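Here are a few notes to read alongside the structure. I hope they help you find your way around it.

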Amino acid sequence: EFAVQDLDGQPLSLARLKGMIVLVDFWATWCGPCVGELPNVLAAYAKYHALGFEVIGISLDKDEAKLKAFLKDKGMTWPQYFDGKGWENALAGKYGIKSIPATCLLDGEGRIVAKDLRGPALEAELAQRLGKK
């Protein structure tokens, strides 16, 4: 569990998302594999958000203006946590993140049910949990 503010200053916590399937995505704009995985996350979000899927981005960037421009350019509308500390990011430390991209998929009770789902694996897991093929 965490309770922080998102990039827009809004409250961000897992408790507020109880009942939803949540992908906690540790990433950065400078991370090539993270950017490479982004089309899969965007597609999953478009397909499953209305069915109870949410993404929380945890950005390990240091430049807030660059991050905001990237989010806007790519159409990433889900909440983002940013503290500007790069690898010293508070939530990355709490989750023991040592490399990115790193993801945790949480069930409706907030339990981690899968890690590091990429490409078709994310789609398959969401289809199974949210019932849309």
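**Notes on the predicted model**

1. Asp25 is a good place to begin in this predicted model. Setting aside neighbours within four places in sequence, Asp25 is in contact with Val41, Val55, Ile56, Gly57, Ile58, Ala102 and Thr103. The residue belongs to strand 3, which spans residues 21-27.

2. Which side chain of opposite charge is nearest to Asp25? That is Arg118, 7.6 Å away, and Asp25, although buried, has no salt bridge.

3. Now for the sheet: five strands make an open sheet in the order 5-4-3-6-7, with mixed pairing. Strand 5 and strand 7 (112-115) are at the edges with a single partner strand each, so one side of each has no neighbour in the sheet. From one strand to the next, the twist averages 20°.

4. Five bridges join strand 3 and strand 6, which pair in the antiparallel sense. Phe26 has Ala102 as its bridge partner in strand 6. Helix 4 packs on the sheet, where it touches strand 3, strand 4, strand 6 and strand 7, and its direction makes about 160° with that of strand 3.

5. The largest nonpolar core has 45 residues, and Phe26 and Phe53 touch the most other members. Among the elements giving two or more residues to this core are helix 1 (32-48), strand 4 (53-59) and helix 4 (120-130). Beyond four places in sequence, Phe53 touches residues including Met20, Leu23, Tyr48, Leu126 and Leu130.

6. Lastly, helix 4 has Leu122, Glu125, Leu126 and Ala127 as its buried residues. These pack against strand 3, helix 1, strand 4 and strand 6. Gly131 follows helix 4 and has a positive phi, near 70°.

Conventions
Residues numbered from 1 in each chain as written. Predicted model: local features only at pLDDT ≥ 70, side-chain atom pairs only at ≥ 80, totals over all residues. Heavy atoms only, no water. Helix = DSSP H or I, 4+ residues; strand = E, 2+ residues; numbered from the N terminus. Buried < 20%, exposed > 50% of the residue type's maximum accessible area, 1.4 Å probe, protein only. Lys, Arg positive; Asp, Glu negative; His and termini not counted. Salt bridge = Lys/Arg side-chain N within 4 Å of Asp/Glu carboxyl O. Contact = heavy atoms within 4.5 Å. Core = buried A, V, L, I, M, F, W, Y, C linked by side-chain atoms within 4.5 Å. Pairing = 2+ DSSP bridges. Axes fitted to C-alpha atoms, helices over the stretch in contact; angles between N-to-C directions.
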